[in-house]
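Welcome! Take a moment to look over the structure below, and then we can walk through some of its helices, cores and loops together.

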Amino acid sequence: MPRWKLVANYTVEMRLLVVLVIMCFGLSLASDQFLSLGNLTSLLNNNAVNLIWAVGLLVVLISGGIDISFAVAASVVQYVAAYCFGFLGGGNWILGFLVSGLIGIGLGLINATLIHGFRIISIVITIATFNAFFGLLMFFTSGRNIYNLPSWWTSRIFIFEHQSANGTWSELNLAVAVMIGCVVATWILIRFTGTGRQLYAFGDNPEAARRAGVNIALMQAVAYGWMGMMAGIAGLMQVNIVKEVIPNALYGRELEVLAAVVLGGARLGGGKGSILGCLLGVMFVAITQNGLNLLGVSPFAFQMIIGGSILIAVSTSNIQIGSDLFKNPGKYIRTRY
Amino acid sequence: MTTDPEWVLSLENVSKNFGGVKALTDVSFRVKPGEVHCLAGENGCGKSTLIKIITGVYTPSPGAKLNILGKEIEHITPALAREMGISVIWQDLALFPHMSVAENISFDEVVGFWPKLVRTETFKPKVEAILKRLNVEMDLDEPIKDLPIAQRQIVAIARALMGNAKLIFMDEPTSSLTQSETNMLMRIVQKLSEDGVAVVFVSHRLAEVLAISSQVTVLRDGYLVGVFPTEGMTQTKLAELMTNLTLVNEVTATPDIDTESILEIENLSRENEFQNVSLNIKKGEIVGLTGLIGAGRTELAHALIGMTKPTSGTIKLGGKEVNFSSIRDAILEGIAYVSEDRLSLGLIQPQSIADNIVTTVLNRILTFMGFVSTKKKETMVNYWIKELAIRIGESSDAVSTLSGGNQQRVVLAKWLATEPQLMILDNPTVGVDVGARAGIFRIVKSLAEQGMGILLISDEVHEVHFNSDRVLVMTNGEINLEHNPLEHSVEQLESIVYA
């Protein structure tokens, strides 16, 4: 593939990359802390959970669906897993990944079953399960936090440590390694497997996929199951970072992640989206927030800027189509793509 | 395959019932290797049911015999049909717009339940070989959505060949192609046929189909009418076989209409679409406009109703020069445009018949408070249903429940309600059964008798010859001939248009 072609096929990603580079350059001039190792590692540590969710959500968006319930599902996984570990006599990391991954997949499959079984659009189902999961969680926990957790779960594990000349420590924790694992696994799934290709196809043109013999129920199960697994793993890592389980800690995080993934070029109608865009989208949101903090801007400005960025990103990617439509209306009338 | 079987596909005693409705009764259908075959019949005659049985989507009633390449097949599934070399190119092509050419062509290779590793690169040599065989060049990494429709069609054909197709069904392949694109498709079909790949066309464009295929199988109401060689077959004869009606084609032209002009166009041009078009429509006159697809007919209509702006020339309506900036202006001045694409543009399918009829004239059925008056609406709807003899259950039923012919009457009602002085009909019989077409033209004729001017645009030479007062032939964006149906025969007109 010639290089310009690569750029043309990843327009959104390339544009986002350019904006991100300019932003980093500007921030490094405006604040001498921005490019410090300490700041960069904490950026990664603080966003590992969001990135794990983001790649899960990317798979759902590619398949033409949407999921609102994943952040709350992660909280449910934390509680149920904490209970399970008590039952299993403490547990360990292997058991931890297994249990939280499986509970997450289970919750994802509830979404998939409802969406496929009743042929109801995913946004309606996942808003319903979002409320149901959260309501049940608050009901059974009475909103109580859990502090008494197995020590393996809450102990800090660093995969990278560095002490700079002035004595400050910068480190990367386990969540970052897990995040990298999740990103690579998702990348392989969507880019290099037949299942991934079928997910894109199903999101792009469901009827054509059905006629080609794609197993639709399987596609829904893979998409929401993968999202659920990522939600479960993210929940596990979140506990490792904050060392407690709070039922409403993750409530509301879903829209932030959704915004970042859409900003990264994933199409809400399905059939389009890349890992690169997904990573850039999350990092764009994270760096914006980080930059505003360093510059001492009010945190309320942050939401406004993210909202504005989404509007600009989405509308500029439509301008091309708009001008084409003006020149040649027939093309859009005849073909219904 | 060592032996060369006589038939690539042979079906016998195929019946299919849906509940109590017989969709197919004792039909047989055979295709020879490398043959170009046409499957003809009206809407609802069982064509698509037959294709779906052959490709394993439906199971036929017991007793059916299916033989592919000399092998008896007990139970056919979509996967088996594909494996045996039978592919269908659906009317909507069933491609994936955001995926690349190579990914689309190789898609069927990656379908499967169990996860497996795939890379598009590994398919590319085979994809390239197929495109080379079809004699086309294409950028394999281009997403489908950026390709023109003709190229997408080639992608769909290549996708069928990727699975080593021995028989390709093409469902309405030319319905959205221009003439040169159609010619290219026909060349490709010819090439496939020479390579021993049989092609079965399902199409309503009888002229084209007759030109390329060697055999035609006609179905009617789920029964096999017969298999006929296309040599010596005419469009009229084929239409009669399809409908079992003796279609009396009489020229309905009125000689020497001498009334004032409604529409006068002088030297109208629009870049790359049409040049120096001049035409004149009088009160009560039906002017036919025909020509090959892509000749600029629909483009001219779009300019007349203000959808596009002409680059030069004048349009006069009732003697007054007009310059529309939108369709709304054109409607207010008394022009109605019945579009070609009834399904997506002409009607709001899920809405009721009544709501569809009144959409253009909502402001005339309001109460003094500004709400829609149920009484006024009902009066208007009932008037038009009666006037156009639309056969319906209830006026509150969804439009999508009606047959093609009755849907077209609803479209007419909707536009007639605006009380136009000029009506532009763009291919008004697309998707309307041959038998129901006469009814539509009776309405058109009576509208002309009441003084309306009518521009009848159609692909089908027969339609304009028999139903217009005079016919204009458009070629490459110019009107270069006027044909008088009273003086010249339809064969003469045909020879000019298809020259």
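The expected span of a helix is 1.5 Å times one less than its number of residues. Keep in mind as we go that this is a predicted model.

**A helix in chain A**

Let us try that rule on helix α4 of chain A, which covers residues 70-87. With 18 residues, α4(A) should span 26 Å, and its end C-alpha atoms are 25 Å apart, so the two values agree. How many of the residues of α4(A) are buried? The count is 13 of 18, so to speak of α4(A) as mostly covered is fair, because a residue counts as buried when 20 or more other C-beta atoms lie within 10 Å of its own. Just after this helix comes G89(A), which takes a positive phi of about 80 degrees.

**Two nonpolar cores**

In soluble globular proteins, nonpolar side chains tend to be buried together. Here, the largest nonpolar core has 155 residues. Those with the most contacts inside this core are I52(A), W53(A), A54(A), L57(A), M230(A) and V261(A). Which helix gives the most to this core? That is helix α11 of chain A (residues 216-242), with 14 residues.

V261(A) is a good place to zoom in. Leaving aside residues up to four places away in sequence, V261(A) touches A54(A), L57(A), L58(A), L61(A), A266(A), C278(A) and G281(A). A second, separate core has 66 residues, including L317(B), V358(B), W415(B) and I440(B).

**Three loop residues**

Now for some residues that lie in loops. The table shows where each one is found and how many other C-beta atoms surround it.

| Residue | Loop | Other C-beta atoms within 10 Å |
|---|---|---|
| S142(A) | between α6 (122-141) and α7 (151-154) of chain A | 7, exposed |
| L93(B) | between β6 (86-89) and α3 (101-105) of chain B | 24, buried |
| M84(B) | between α2 (78-83) and β6 of chain B | 20, buried |

S142(A) is not a glycine, yet it has a positive phi of about 50 degrees. L93(B), also a residue other than glycine, has a positive phi near 70 degrees. S142(A) is exposed, whereas L93(B) is buried.

What does M84(B) touch? Not counting residues up to four places away in sequence, M84(B) touches I68(B) and L69(B). M84(B) and V8(B) are 76 residues apart along the chain, and their C-alpha atoms are separated by 9.9 Å.

Note on methods
Residues are numbered from 1 along each chain as its sequence is written. Chains are lettered from A and ligands numbered from 1 in the order in which they are written. Helices (H or I, at least four residues) and strands (E, at least two) are DSSP runs, numbered from the N terminus. A residue is buried if 20 or more other C-beta atoms lie within 10 Å of its own, exposed if 12 or fewer, and partly exposed in between; C-beta atoms are placed from the backbone. A nonpolar core is a set of buried Ala, Val, Leu, Ile, Met, Phe, Trp, Tyr and Cys residues joined through C-beta atoms within 7 Å. Two residues are in contact if their C-beta atoms, placed from the backbone, lie within 7 Å.
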